Amino acid sequence: LAPKNVVPEHEKELTKIGLKNFQVTSFASVRATLSELYGNWEEIVVGEQTITRFTWDPDMLPDIMILSECQLVKNRNSLAAIVIEDYINQGGIVLSESATPYVKMEDTYIVSRATGLATSKSDWSDFARRLSPMGIGVDSPAAMNRYRAELERADLLVPVKNVRYPFPPKFSNILIDLDGPQLEAYEEAYREYIIARRKQGKGDPQGRIAIAIAKQRFQMKSEALRADWIVKAIVEESKTRAVLVAANYLDSLRLIWSGLKKQIDTHRIAHLIGGMTSEDSGRQKQAFFTGAKDILLVTLKSGGVGLNLNHCEDNKNSKPRSALLPLTWSVVDMFQVAGRINRMNNITQANTKIAWCRGTVEEEIAARLEKRFDCLRELITRKDSFIFDLFNKEVDEDMNREEQAELDKLTGGTEDEENEILSIDLAMLD
């Protein structure tokens, strides 16, 4: 079971190692594929609830099931989880490529069942509450550390040695200058938001709604004011790279589109927005992936399932990626989005840029995000980070000088060299 966009890669790799009798199925098409080949779906009414179940045909039970990525298995009521649980109940063996990609215990149900740490839902509930006393739905690194320790204690975890990202991360927080009228418009929108906050009581439901509306108006205005800078950045970046441009609001994308169509051929532009059919969005994603279009405009809420931020190495028109991200006004959200652009399987370096308005409240948020970027750079590139030591210390000690030099070359050299490169990039962009 794998995400749709990597199904062809998995099929290619499994064929390469000589495996013959296998089926690679995407999570999205799991219902149709499995009912055709392996068993039956049924709807069972229990009281006022209708429960979906899948029953495997015992003669068609696979020898082993491999989970590639675990996003849709986090929801223990998803169709993929239902399929896996029935397979486990019939004695099936499950291998998860990523045992602990979670931040809260409620996401670990299927992996816990597959590994035998829990034998039923009630057994798992007791187990989860013991490891996460603050609540199974609470983000808790401490609970995840305890969960990992349980996996290790039961000899169920196989750490992958010598884990390194192929390219150092390239994150740039860029301060842009608004002209006089733009800065006045920004300050006016911010002032209206602050006034609304002071006038309305947070304990009053109507007051909370009024504050939310004022906040959204300010965010929409501030995002729209940087559209001119984004258009210039797209035109420049797209000379050598494919560019993904994200926005929180459709109005912002419309402004960017209006600016772009005055300067470039609009046939180069793909778009991904809410309300599109799966067929339409699939065509847009594929066009961007293959290089048929080298600019992709997206709204953050449009749903990026199946969006591959790697470029297609089999197609000469496909180019390395850059991403221009918007402010979400949550450092945690922005950090998560930026982190997903840098992947273990990247075939070229991906650049990530975020534009902030100089002389505004945004400078403080940018400084906080930069601290998180420093953390991400350390995790990905430095050999003395805690995560690298955890996986690689034994291997590192056994490396000879030639191997170490080659590894340093792949990961961008020393930290000082990386910082120097980043400062040069920022100076050039400013």
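**View A. The chain folds up with 16 helices and 10 strands.** Both kinds of element are DSSP runs numbered from the N terminus, where helices are H or I runs of at least four residues and strands are E runs of at least two. This is a predicted model, in which local features need pLDDT of at least 70 and side-chain atom pairs count only at pLDDT 80 or more, while totals for chains, interfaces and linings use all residues. Residues are numbered from 1 along each chain as its sequence is written, and side-chain values use heavy atoms, with hydrogens and water left out. Of the 430 residues, 41% are buried; that means under 20% relative accessible area, with exposed being over 50% and partly exposed in between (1.4 Å probe, protein chains only). The accessible surface adds up to about 24,200 Å², and carbon and sulfur atoms own 52% of that (Shrake-Rupley method, 1.4 Å probe, with only the protein chains shown counting as cover for residues). Take the contacts (heavy atoms within 4.5 Å) between residues at least 6 apart in sequence, and 69% of them link residues at least 24 apart.

**View B. How far to trust the model: pLDDT along the chain.** pLDDT is the predictor's confidence in each residue, from 0 to 100. Its mean over the chain is 77, with 76% of residues at 70 or more. Among the elements, H9 has the highest mean pLDDT at 94, and helix H16 (residues 415-429) the lowest at 36. Residues 409-430 sit below 50, and the model gives that stretch 27 contacts beyond near neighbours in sequence. Residues 390-404 stay under 50 too, with 22 contacts beyond four places in sequence.

**View C. Helix H9 (residues 227-237) and its cover.** The buried residues here are Ala227, Ile230, Val231, Ala233, Ile234, Val235 and Glu237. An α-helix has 3.6 residues a turn, so residues three or four places apart point the same way. Cover for the buried residues of H9 comes from elements including helix H8 (205-225), helix H10 (250-260) and the strands E6 (242-247), E8 (295-299), E9 (321-325) and E10 (351-357).

**View D. The largest cavity, with about 110 Å³ of space.** The structure has six cavities of 30 Å³ or more. On a 1 Å grid over the protein atoms alone, a cavity is a set of points where a 1.4 Å probe fits but cannot get out; a pocket is an open set with protein on both sides within 12 Å along at least five of seven lines, and lining residues have an atom within 4 Å of a point. Points are joined across faces, edges and corners, and the volume is the space filled by probe spheres set on them. Of the 14 lining residues, Arg226, Ile230, Leu324, Leu325 and Pro326 are closest to the centre of the largest cavity. H9, E6, H10, E9 and E10 each give two or more residues to this lining, and E10 has the largest share with three. By class, the lining has 10 nonpolar, one polar and three charged residues (nonpolar: Ala, Val, Leu, Ile, Met, Phe, Trp, Tyr, Cys and Pro; charged: Asp, Glu, Lys and Arg; polar: the others, Gly among them).

**View E. Ile295 in strand E8.** With 0% relative accessibility, Ile295 is buried. Beyond its neighbours within four places in sequence, Ile295 contacts Ile234, Ser238, Val243, Ile264, Arg268, Ile269, Ala270 and Phe288. Thr266 is 29 residues away along the chain, with 9.3 Å between its C-alpha atom and that of Ile295.

**View F. The second largest pocket, holding about 820 Å³ of space.** It is lined by 26 residues, of which Phe22, Gln23, Pro62, Ile64 and Met65 are closest to the centre. H1 and strand E3 (65-67) each supply at least two lining residues, and H1 gives the most, with three. The lining breaks down into 18 nonpolar, five polar and three charged residues.

**View G. Ile66 in strand E3.** Ile66 is partly exposed, at 40% relative accessible area. Leaving out neighbours within four places in sequence, Ile66 touches Leu1 and Leu95. Its C-alpha atom is 5.8 Å from that of Ser96, 30 residues apart along the chain.

**View H. Two loop residues, Thr25 and Asp155.** Thr25 is in the loop between helix H1 (7-16) and helix H2 (30-37), and is buried at 6% relative accessible area. Not counting residues up to four places away in sequence, Thr25 touches Leu1, Ala2, Val7, Val30 and Thr33. Asp155 is in the loop between helix H6 (141-153) and strand E5 (170-176), and is exposed at 68% relative accessibility. Its phi is near 60°, a positive value in a residue other than glycine.
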